[in-house]
Amino acid sequence: IICGWLNLHVMTWLLQKSSEWLLIALPILFQPELRRALERLGQGRFIHQSASLLDRKEADSVVDEIVKTAKKLSQTKTGARIVIEREMKLNDISVTGIHIDGIISSEFLLNVFIVNTPLHDGAAIIRGNRLISAACVLPLTENHELSTELGTRHRAAIGLSEQCDALIVVVSEETGTISVAEGGHLMRHLDEKTLAAKIRPAFVKKETKLFGNFFSKWRAEK
């Protein structure tokens, strides 16, 4: 407006063209945030808790099975990636692997990661108390400042954690180290107790607020 008032025709033209490109650039720049918001809107996550959450007893059982699996994989230095889905659905990731849909147990997970089998190299996706898919492909991180010690398995875990709210448990094939990727960061050298404390909140239902209870009850009656 000011450029038009001052008869700065070239500047006015440049600003008009820039505003048109801005409409294209903004969705690209904020793609992760927009994706997260649309996921929440489409699944009703603004009010309701994730359907993947369990009661405390079930959650403790699943956490124990995952920790037991990670410990055994660490002892044998078997590489693995276990993705724990939270509020954002990982359907676009799960379709890159093999659909399974089985109840979580340590024995089951260990069989998934047996070396030289079709499911070994990919990631396993956990939703609630079920393993929904295995041999899934994860996106690599674009962070070039990471330590050169981190291989493809860890970089893929970090890459997925940058795009969604999932927790990714990683067992190193070289050292047996247990790590967890979350929000683009990697926590390394976790023991059983620390690992359990880190992943438990991803499964346990939080106490619903009064309005949430009232709204859920109202919808059920309708």
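Mentor: Let's start with a term: contact means heavy atoms within 4.5 Å. We're looking at a predicted model, where local features need pLDDT of at least 70, side-chain atom pairs count only at pLDDT 80 or more, and totals for chains, interfaces and linings use all residues. Residues are numbered from 1 along each chain as its sequence is written, and side-chain values use heavy atoms, with hydrogens and water left out.

Trainee: OK, how many helices and strands are in the chain?

Mentor: We take them from DSSP runs, numbered from the N terminus: helices are H or I with at least four residues, strands are E with at least two. On that basis the chain holds nine helices and seven strands.

Trainee: In what order do the seven strands sit in the sheet?

Mentor: Two strands pair if DSSP finds at least two bridges between them. The sheet is open and its pairing is mixed. At its edges are β2 (98-103) and β7 (185-187), each pairing on one side only. Reading across, the order is β2-β4-β3-β1-β5-β6-β7.

Trainee: β1 and β5 pair up, then; which residue in β5 stands opposite I82?

Mentor: β1 and β5 run antiparallel and are joined by five bridges. V169 touches I82, and its other contacts include A80, R81 and I84, leaving out residues up to four places away in sequence. The residue opposite I82 is V169.

Trainee: Which helix lies across β1, β5, β6 and β7, and at what angle does it run to β5?

Mentor: For angles, axes are lines fitted to C-alpha atoms (for helices, over the stretch in contact), and values go from 0 to 180 degrees between N-to-C directions. The helix is α7, residues 152-163, and its angle to β5 is about 175 degrees.

Trainee: Now α4: how far does this helix reach from its first C-alpha to its last?

Mentor: α4 covers residues 56-75, so 20 residues, and the expected span is 1.5 Å times one less than that number. The expectation comes to 28 Å, and the model is close to it. The reach is 28 Å.

Trainee: Is S179 buried or exposed?

Mentor: S179 lies in strand β6, and its contacts beyond four places in sequence include H154, V169 and L186. Buried means under 20% relative accessible area, exposed over 50%, and partly exposed in between, with a 1.4 Å probe and protein chains only. Because its relative accessibility is 0%, S179 counts as buried.

Trainee: And what about W13: what is its relative accessible area?

Mentor: W13 is in helix α2, residues 9-29. It counts as partly exposed, and its value is 49%.

Trainee: Which element gives the most residues to the largest nonpolar core?

Mentor: A nonpolar core is a set of buried Ala, Val, Leu, Ile, Met, Phe, Trp, Tyr and Cys residues joined through side-chain atoms within 4.5 Å. The largest one has 33 residues, and I66, I84, V169, L195, I199 and F203 touch the most other members. The buried residues of α4, among them V62, I66 and L73, pack against β1, α6, β3, β5, β6 and α8. With seven residues, the top contributor to this core is α4.

Trainee: Last one: what share of the chain's 222 residues is buried?

Mentor: Contacts first: among those with a separation of 6 or more, 64% join residues 24 or more positions apart. As for burial, the share of the 222 residues is 38%.
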